[in-house]
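Okay everyone, let's get going. I'd like to walk you through one patch and one pocket today.

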Amino acid sequence: MLLKKNIWGLCGVMILLFIAVSPGHAQSTRINTDNLHTWIVYNGQHLITDKFGLHAEIQVRRNNGLSNWQQLLLRPGLFYKVNKNVLATAGYCFVETYPYGDIPSAKTAFPEHRIWEQVQLTQQTGSVDITNRFRLEQRFIGDASAGTFTNVRYENRARYMFKANIPLGKASPFYLPVYDEIFIAFGKNVKYNTFDQNRLGLGLGYNVGKKTKLEVGYMYQYVQQRNLTAAFSQVVENNHTIAINVFSSLPFKRGG
C-alpha cells in the first residue's frame, strides 16, 4: 500500500512536469542547448546527539566533462531527528555559478546565498528504501553581469524529490537508485521560470558498510533559464550529467 501511494505521488509530479513544459505553457519560441556535466557530491548527515545532527554537503559541478567550472555549492545545516523516519533540517547555502555552455545565463561567475528548510521522510516498502524530500529555499542572487553580490534579486523556490533504492539481491551490497526532483520558483521576481527545472536520475549504488553509500549514474537535468534572450526566446538547457555521490550517516557523537 505504501509503495502504491509513493508511485501515485511520483506520477503526480510527472503530470505537473508535463503540464509545465507542454507547448501551451511555453514561450512562443524556444532555444534548446545541450551540455555535458560531471557532478561530484558529498552529502553527510552526522548525529551529534541522539536527536540533533550536522548536515554537511559539498558539490563540485563541472562542465564539458571535467574541463570547466559550472558551479560550486556548499550547504551546511542542522537537523532534528523527529523519529527514525523523519528528519527536519534548516541551513545556509553558498553557490558560485560560472558561465557555461553555448548560451550561458551569466557573463561572469557570480555568488548566491540561500536559506533553506526541508523535511525528509524515509520508509522501507518490502526491500525497497523510499525517500520523499520537501525543500523550501529563499534565494539571494548576485549580479550575473558584474559578478558581485550587488543588485540582489530575491526569489523563492520549492522542491520535491522522490527516490527509490532498489536492492540487487537480498545479500548484495549493490542497488539501483532511481529518483526524480521537480523545482518550482515563486514570488514577484519570478517571470519566465516558474517551472524552474527537473532532475531525473538512474545509477548503480554500493553500500560501503552500514553508514556510507556510493552512487554513480546518469542524471538528465531540464532547466528553463531565468531570463529571455535579446530576441525574446526562452532558453532551455538539456544537461546530461555524470553524477558521483557519496552519502554518509556516520555519527559524530560518542558511542555512535
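I'll start on the surface and then move to the pocket. Keep in mind that this is a predicted model.

So, first stop, the surface. There's a nonpolar patch here of about 540 Å². Its members are L168, F174, L204, Y206, V208, L214 and V216. Where do they come from? Two strands, β9 (195–208) and β10 (212–228), put in at least two residues each. The largest share belongs to β9, with three residues.

Let me pick out L204, which sits in strand β9. Is L204 buried or exposed? Somewhere in between: L204 counts as partly exposed because its relative accessible area is 40%. For a residue to join a patch, that value has to be over 30%.

Okay, on to the pocket. Rolling a probe the size of a water molecule over the atoms shows where empty space is left. The second largest pocket comes out with a volume of about 680 Å³. It has 38 lining residues, and the closest to its centre are T97, S105, F110, R139 and R226.

Which strands build that lining? At least two residues each come from β3 (68–83), β5 (110–125), β6 (128–143), β7 (148–167), β9, β10 and β11 (234–248). The top contributor is β10, which supplies seven residues.

And the chemistry of the lining? By class, we're looking at 14 polar, 13 charged and 11 nonpolar residues.

One thing to take back to the viewer: β9 and β10 turn up in the patch, and both of these strands turn up again in the pocket lining. That's me done, thanks.

Conventions
Residues numbered from 1 in each chain as written. Predicted model: local features only at pLDDT ≥ 70, side-chain atom pairs only at ≥ 80, totals over all residues. Heavy atoms only, no water. Patch = residues over 30% accessible without salt bridge, like charges linked within 9 Å, V, L, I, M, F, W, Y side chains within 5 Å. Areas by Shrake-Rupley, 256 points an atom, 1.4 Å probe, with all protein chains shown as cover. Salt bridge = Lys/Arg side-chain N within 4 Å of Asp/Glu carboxyl O. Helix = DSSP H or I, 4+ residues; strand = E, 2+ residues; numbered from the N terminus. Buried < 20%, exposed > 50% of the residue type's maximum accessible area, 1.4 Å probe, protein only. 1 Å grid on protein atoms, 1.4 Å probe; cavity = no way out; pocket = protein on both sides within 12 Å on 5 of 7 lines; lining within 4 Å. Points joined across faces, edges and corners; volume = space filled by probe spheres on them. Nonpolar A, V, L, I, M, F, W, Y, C, P; charged D, E, K, R; others polar.
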